[in-house]
Each structure stands twice: as structure tokens, then as C-alpha cells.
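Here's a quick tour of some backbone oddities, a metal site and the cysteines. Have a look at the model first, then read on.

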Amino acid sequence: MKLLEYEAKNILAKYNIPVPSSVLIKSVSQKDIPLPVVLKSQVPTGGRGRAGGVKIIDNQQDLNTAIANLLKLPIKGFLPKTILAEEKMTISHEYYLSLIVDRPSGTVRVMANINGGTEVEDNEADSYINVEVTGKNFDAVGEQLAECYNLPEQTFVLQDLIENLYDCFTSNDATLIEINPLVYTSDNKLIAGDCKMTLDDNAAFRHKWKFEETPAEANFVTLDTNGTIATIANGAGLAMATVDAVHDMGMIPANFLDIGGGANTETLLKAFNRLGEYPNIKAIVINIFAGITRCDEVARAIIAAKRQITELPPLFIRLAGTNFDVAERLLADEHIPILATLEECLAAAKQEVSR
Ligand code: GDP
Ligand code: MN
């Protein structure tokens, strides 16, 4: 389960990890927001800064318009239900810090970089420190962080931070906590400027989780960001079989996506928008066996997506089941072909990849 920023930061705060003070905004008419303020769209995706989802507001006149605009602005297909209004920090530097589960070695690792923030993709892979944190080596890891960040005077602070973060990570069964940026303020404080947190769904029985629902996201799994084939299917079994079939044909599936029973235009648009984040996608394979889902609903969503997203890779569609005849007519009117079998879709996708 992927948490929204405000949910993740609420958890961090419980573990004494400094976060900016904040108010959660649910409507334009919200009162008593201290200025200046940073408004942040609460969507389950990163890159909000670049997409216009983070706004620094200095005066009352701009505040209401900015909130209204943010609530209307979709980011990578996601519309926010809430806006996080945070105290504006004066930033002297932005660092990168994350904790992840390394599955092959069964360890928790810390990754850190002296450069964080929105340009983090520009960092060379070998510029990160990547060390194991065990629950017994906080002092050593804190020292390594201080060295990495070139902040020797903050060694004690970083040792405490990593201890608290590790406690937060393990107590909540997290698989990822990413703090980017970890802000160093002009008055020499280290504060979590942003947080991405993913909790392990398999551990849900141990917790009483109650978070804002982020649909479609839950059933979307990135397999390989360099993958060439995107997949969309309904039902976890069919979605897995589709991914396997792509792989068996010698292509690299980028993702697993189960759009579930109630696939509508909104869910599909979100999916298409997310797939747009992968640089190497050559084709999208859609494999729907409609029972509760209706073929005509899926067809309408595909048509809407084709109209709204300008640079959509070619679609190879296999549809069967409820209301197939309606779907066939709708798609034919738009000159969007349906293929009879998944094998045909994969063969066509393979041609597209080798072009
Ligand atoms: P993301 O783009 O979705 O990762 O959103 P972030 O929460 O990381 O914000 C993006 C960028 O906005 C940060 O890297 C900062 O440069 C900037 N930003 C966020 N909060 C503040 C703030 O309080 N003060 C200032 N000056 N900049 C901020
Ligand atoms: Mn960020």
C-alpha cells in the first residue's frame, strides 16, 4: 500500500522525525492558513513539483485561487482529494535519503545522496551510498550519512534520525520510506520535506490501517521501468498470465495491472497516464475477459484515452465477454482494431518492438 505524503508524514512525526507543521485542506473555503505557505497536491505519485502540484503562496489573494486550481489539476492522471498546506521552509540544501527492503539479501538498506530534490534523476547511480542498517549500527550509519552529506556537525542528529527512521520502518512493516528532499534549513535543521512510504500489504493483518484510498494504484505493479510492453488486464490471474505471456514471447513487460471489475474511463486513463512514465514502451497489450466488467465500458475508456492522450503507443486489444458486440461497433467506428486472441496481440506487439 502506497501512502499519500500527509499520511506518511503523520507516521514520521510519531517517530520524532521532524516534518514541517501543516494543515490539511479539503475545500476552497478552508480558513486560518498561516502565510507564507507551501501547497502540495496529495496524489499517489511523485514529480508533483515539476507538474505544477507544489505552489509557494505568499499572500491571501493568491491563496484561494491556488487551492481551487490545485484541486482541479490532475497529475499523471490523479486528481487530489486533499491539499497539504505546509509552513514554508527556507532551504539551504536538499539531500536524498531512503530506506528500502532489499529482497535478495533480506536486509534493510539506506540510500543517500548529497543531492536531493526534483533533479534527483540526474544523480549518477554510483554517487549514492548504499549501506545495510541492522538495528545495531545506527552510530556507524549516522557517521556515514554525515560524511555523505558533508555535515559533520550533524552527526548526532543523523544518528538519531536513522535510528528513528529504522524504528518507523520496521514497526510499520514498510518496504520503502523515501525522504526526498531531506531539507537542511537556513537555521541548520534537518526536516523531511517530502515522504513516500509503501507498507507491505502482506503485513496488513498486524495493523489497523486506515488510509485514503488510491484506486487503480493498488493493483499496479512496476516490473521493469525499461520494459517495452505495458499490460492492462482484468483479474489478478489474467493479469499475471498476460505478463507471463509477454515475457515468454521474449519481450520485457514493464508492469502488471489488474483494472479490477469496475473498470471505467477514469481508472483506464490513470493507467495510461502512468504507463507514459516509462521511456521504452513500444506497445500496450490489453487483455480483458469481461464478466462483471463490460466490454463496452472498456471500449469507451479506450476511446476516451486515445482522444485525451496524444502520444499513446499502439494498442493491441483482446476483448471478450459481456457486451462484446457493442464494444466491437464502438471501436470499429473509431478504427481501433480488436484482435481475436492474446497470441495475435503479442505477435503484433513483437513486430512493433522490432521496428
Ligand atoms: P515532488 O516533486 O512530488 O517530489 O514534491 P516535493 O514535496 O519533493 O517538492 C518539490 C520541491 O518543492 C522540493 O524539492 C523543493 O525544492 C520545493 N519545496 C517544497 N517545500 C518547500 C518549502 O517549504 N520551501 C521552499 N523554498 N521550497 C519547497
Ligand atoms: Mn519529493
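Which residues coordinate the manganese ion (ligand 2)?

## The manganese site

Keep in mind that this is a predicted model. In it, the manganese ion (ligand 2) is held by Asn-180 through its O atom and by Asp-194 through OD, at 2.2 to 2.3 Å. These two residues link distant parts of the chain, 14 residues apart: Asn-180 belongs to strand E8, while Asp-194 is in the loop between strand E9 (190-192) and strand E10 (196-199).

Are the two donor residues buried or exposed? Asn-180 is buried, at 11% relative accessible area. Asp-194 counts as buried too, with 17%.

## Two cis peptide bonds

As a bit of background, most peptide bonds are trans. One cis bond runs from Asn-180 to Pro-181, with omega near 10°. So Asn-180 turns up again here, having already appeared as a manganese ligand. Pro-181 lies in strand E8, which covers residues 174-185.

Another cis bond joins Leu-35 to Pro-36, and its omega is near -5°. Pro-36 is in a loop, the one between strand E1 (22-25) and strand E2 (37-41).

## Positive phi, no glycine

Most residues other than glycine have a negative phi. Asn-150 has a positive one, near 55°. You'll find Asn-150 in the loop between helix H3 (138-148) and helix H4 (155-171), and it is exposed, with a relative accessible area of 58%.

His-335 also has a positive phi, near 60°. The residue is placed in the loop between helix H8 (324-333) and helix H9 (342-353). How accessible is His-335? At 72% relative accessibility, His-335 counts as exposed.

## Cysteines without partners

How many disulfides does the structure hold? Zero. Take Cys-148, which is in no disulfide: the nearest cysteine sulfur belongs to Cys-195 and is 18 Å away. Cys-148 counts as buried, at 16% relative accessibility.

Why is there no bond from Cys-295 to Cys-345? Because the sulfur of Cys-345, the closest cysteine sulfur to that of Cys-295, is 13 Å away, which is too far for a bond. For a disulfide, the two sulfur atoms would have to be within 2.5 Å. Cys-295 is buried as well, with a relative accessible area of 0%.

Technical notes: Residues numbered from 1 in each chain as written. Chains lettered and ligands numbered in written order. Predicted model: local features only at pLDDT ≥ 70, side-chain atom pairs only at ≥ 80, totals over all residues. Heavy atoms only, no water. Helix = DSSP H or I, 4+ residues; strand = E, 2+ residues; numbered from the N terminus. Buried < 20%, exposed > 50% of the residue type's maximum accessible area, 1.4 Å probe, protein only. Donors = N, O, S within 2.8 Å, 3.2 Å for Na, K, Ca; no water.
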